[in-house]
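Please look through the sequence and the coordinates before reading on. The paragraphs below go from individual charged pairs to the chain as a whole.

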Amino acid sequence: MADIFSKLIGTLAVILLVSAFIGSSDILKRIIKTDEKNSKKWKYTVIVGLLGGLFGVYGNISGFNLNGAVVSVRDIGPMLAGFVSGPVGGLLAGLIAGVHRLTLGGITANACVVATCCIGLISGFFSYKWHSILKKPYVAFILGMSLEIFHLCVVLVMVKPFETALDIVKQIAIPFVLINAVGFALMVSIITYTEKQRNLVIETGRMQSELTVARTIQENSIPNIFPAFPERADFDIHASMTPAKEVGGDFYNFFLIDDNRLAFVIGDVSGKGIPAALFMMVTNILITDATQIGGTPGEILTRVNNSICEHNEADMFVTLWLGIYDSRTGKIIASNAGHDDAVVYRNNGEFEFVKTKHGLVVGAMPGVVYKDFEIELGKNDKLFIYTDGVPEATDKDNNMYTMDRMLKALNEHRTESPKDILEGIKESVNEFVGDAPQFDDLTMLCLENTSKANGKTLSIDATVDNLDEVIGFVDAYLEGLECPMKAQMQYDLAIEEAYVNVANYAYGDETGKAEITVSNEGDEVTVVLKDSGVPYNPLEREDPDTSLSAEERQIGGLGIFLVKKNTDDVSYVYENGCNILTMKKKIR
């Protein structure tokens with residue numbers, strides 16, 4: 001019995017090794033190339049049947065003779081073919097192995113042919129009906145034992161004399177049944193495992209392909225062509241995003257609201273991967289839509305937060321820094337929802353953090369009211385915003401890059417363009433991190449006021465008593481430009497008429513604010529008068545008929561007429577609850 005075990009195990013080991021190699025490779029797939037659904041299934045059945053038959057033939061050759069019987073593991077071939085390709089494949093393998101067994105002769109030849117064919121057919125039937133159950137090794141072992149017992153019963157029935165058949169069965173029963181049953185169970189385990197691994201590889205490839213598509217969609221959802229506004233000479237903006245994974249939770253965006261105002265935002269979503277990327281895209285769309293509708297950054301974030309909180313079953317949140325830049329004045333109105341403070345470079349100075357109040361992160365709870373604050377950028381001033389992946393980048397020893405290193409790198413590149421500044425920061429971060437894996441997304445945005453105009457702004461109570469201060473403020477600017485006296489006096493008269501009109505009528509009996517901004521592009525000086533009083537467009541009034549005497553003319557309209565007469569261009573808009581009167585004049 002020990003010899004029988006030893007010989008059968010040796011043959012079984014070879015079959016297992018070969019089948020494992022075939023199962024883990026793409027040999028069958030390459031031969032059959034079943035690209036169209038089920039169109040070449042018959043080829044698969046035939047090839048598996050032939051392969052099972054060859055295993056059976058090898059089992060016959062490797063078996064040994066015992067009183068006219070060939071003891072072998074031939075039945076594993078038909079069992080395997082039946083399990084993989086069903087009754088037809090099992091029967092084909094059984095016929096091949098059985099016919100070969102018939103050529104070897106012996107008193108059990110006919111019985112073995114019948115048994116082997118039936119085993120392939122029965123194994124295929126069980127696999128066809130209960131394939132998922134048969135994948136369990138213990139079920140395969142039980143079926144294998146049952147089939148080999150059936151084989152021995154066929155020998156007892158067909159082989160004559162019965163005593164000889166019984167003597168053979170007694171000698172081989174235990175090793176014959178156990179080895180073939182164990183072999184079938186191992187074979188099923190190998191096939192099931194390789195099938196799982198192959199499906200895992202396919203699924204991984206599919207997921208990788210989907211992630212690649214998702215990354216492309218995400219990259220195309222934000223501005224990625226620079227220079228972004230090559231036709232604009234009054235500002236320059238550049239941004240970059242480097243996700244830590246295939247897709248990221250960081251984002252930035254910028255777009256023109258109108259000819260003069262640029263909206264820009266940077267955000268960092270909680271979490272990583274696909275969920276964060278989806279949340280990021282939804283937030284970006286909501287902010288863009290809300291900004292186009294109108295309002296200050298604080299009002300926009302308030303609306304966006306309420307929208308997100310209505311459908312935030314995943315309890316995700318996002319930090320946001322949203323600003324609206326007015327290229328006419330260099331002013332940024334901004335709001336911060338739990339994001340890191342911005343860094344600002346003042347011309348001929350250094351980058352410094354601008355400390356502002358932070359609101360709650362967006363998505364945490366509804367009803368949060370976000371506040372606005374202002375940052376003014378003069379000529380060549382720059383603003384830098386970023387996500388925490390920059391200062392929190394870590395090296396192989398888990399040391400952080402830190403805010404101090406970021407500020408130092410910013411100042412090393414402070415006089416460069418926004419694009420070069422971002423590239424310098426990224427290079428500095430990469431040099432610090434070295435070979436350590438990127439832990440978080442790196443997202444940055446830099447805005448520079450590149451306008452040739454220098455500008456100053458005065459905010460003052462809109463009262464007639466403050467007229468001298470307003471005129472003095474504008475005159476100081478004009479004198480700095482060496483403005484001719486005639487042009488200065490004409491501008492003074494226009495400003496006086498416009499300002500007194502605001503002081504007397506904009507706020508009724510109450511006192512409100514007036515904002516005067518003066519700037520220039522070459523010899524053209526622009527004065528912008530802004531108030532948040534009653535909406536009123538003075539340009540809608542018809543010019544008075546100056547050919548008539550004072551007694552004959554209708555009252556009113558002379559003030560704005562003088563403004564028009566003493567300037568080159570006057571325009572009016574009502575934006576964000578403010579009257580904005582813009583006067584332009586060439587001083588030479």
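**Charged pairs and the overall fold**

In this predicted model, Arg588 and Asp523 form a salt bridge through their side chains, with an N to O distance of 3.2 Å. Arg588 belongs to the segment after β17 (578–586), while Asp523 sits in the loop between β14 and β15 (524–531), so the contact ties together parts that are 65 residues apart in sequence. Asp523 is partly exposed, because its relative accessibility of 33% falls between the 20% limit for buried and the 50% limit for exposed.

A network of salt bridges with shared partners joins Asp258, Arg261 and Glu575. Within this network, what is the N to O distance between the side chains of Glu575 and Arg261? The salt bridge between them spans 4.0 Å, N to O. Glu575 is in strand β16 (residues 569–575) and Arg261 in strand β5 (residues 261–269), so this pair links distant parts of the chain, 314 residues apart. Arg261 counts as buried, because its relative accessible area is 14%, under the 20% cut-off.

Another salt bridge connects Lys513 with Asp461, where the closest N and O atoms are 3.2 Å apart. Here too the pair links distant parts of the chain: Lys513 is in strand β14 (residues 513–521), Asp461 is in strand β13 (residues 454–461), and they are 52 residues apart. Are these two partners buried or partly exposed? Lys513 is partly exposed, with a relative accessible area of 45%, and Asp461 is also partly exposed, at 34%. A search of the whole structure gives 10 salt bridges, including those described above.

Charged side chains also appear in a surface patch. Asp420, Glu423, Glu427 and Glu431 form a negative patch on the surface. Asp420 is located in helix α11 (residues 418–433). With a relative accessible area of 34%, Asp420 is partly exposed, and this value satisfies the patch criterion, because members need over 30% relative accessible area.

The remaining values describe the chain as a whole. The protein chain contains 14 helices and 17 strands. Of its 588 residues, 48% are buried. Among contacts between residues at least 6 apart in sequence, 72% join residues at least 24 apart. The chain exposes about 29,000 Å², and carbon and sulfur atoms supply 57% of that area.

Key: Residues are numbered from 1 along each chain as its sequence is written. This is a predicted model: local features need pLDDT of at least 70, side-chain atom pairs count only at pLDDT 80 or more; totals for chains, interfaces and linings use all residues. Side-chain values use heavy atoms; hydrogens and water are left out. Patches are made of residues with over 30% relative accessible area and no salt bridge: like charges are joined within 9 Å, nonpolar side chains (Val, Leu, Ile, Met, Phe, Trp, Tyr) within 5 Å. Accessible areas come from the Shrake-Rupley method with a 1.4 Å probe; for residues, only the protein chains shown count as cover. Lys and Arg count as positive and Asp and Glu as negative; His and the chain ends are not counted. The place of a charge is taken as NZ of Lys, CZ of Arg, CG of Asp or CD of Glu. Helices (H or I, at least four residues) and strands (E, at least two) are DSSP runs, numbered from the N terminus. Buried means under 20% relative accessible area, exposed over 50%, partly exposed in between (1.4 Å probe, protein chains only). Contact means heavy atoms within 4.5 Å.
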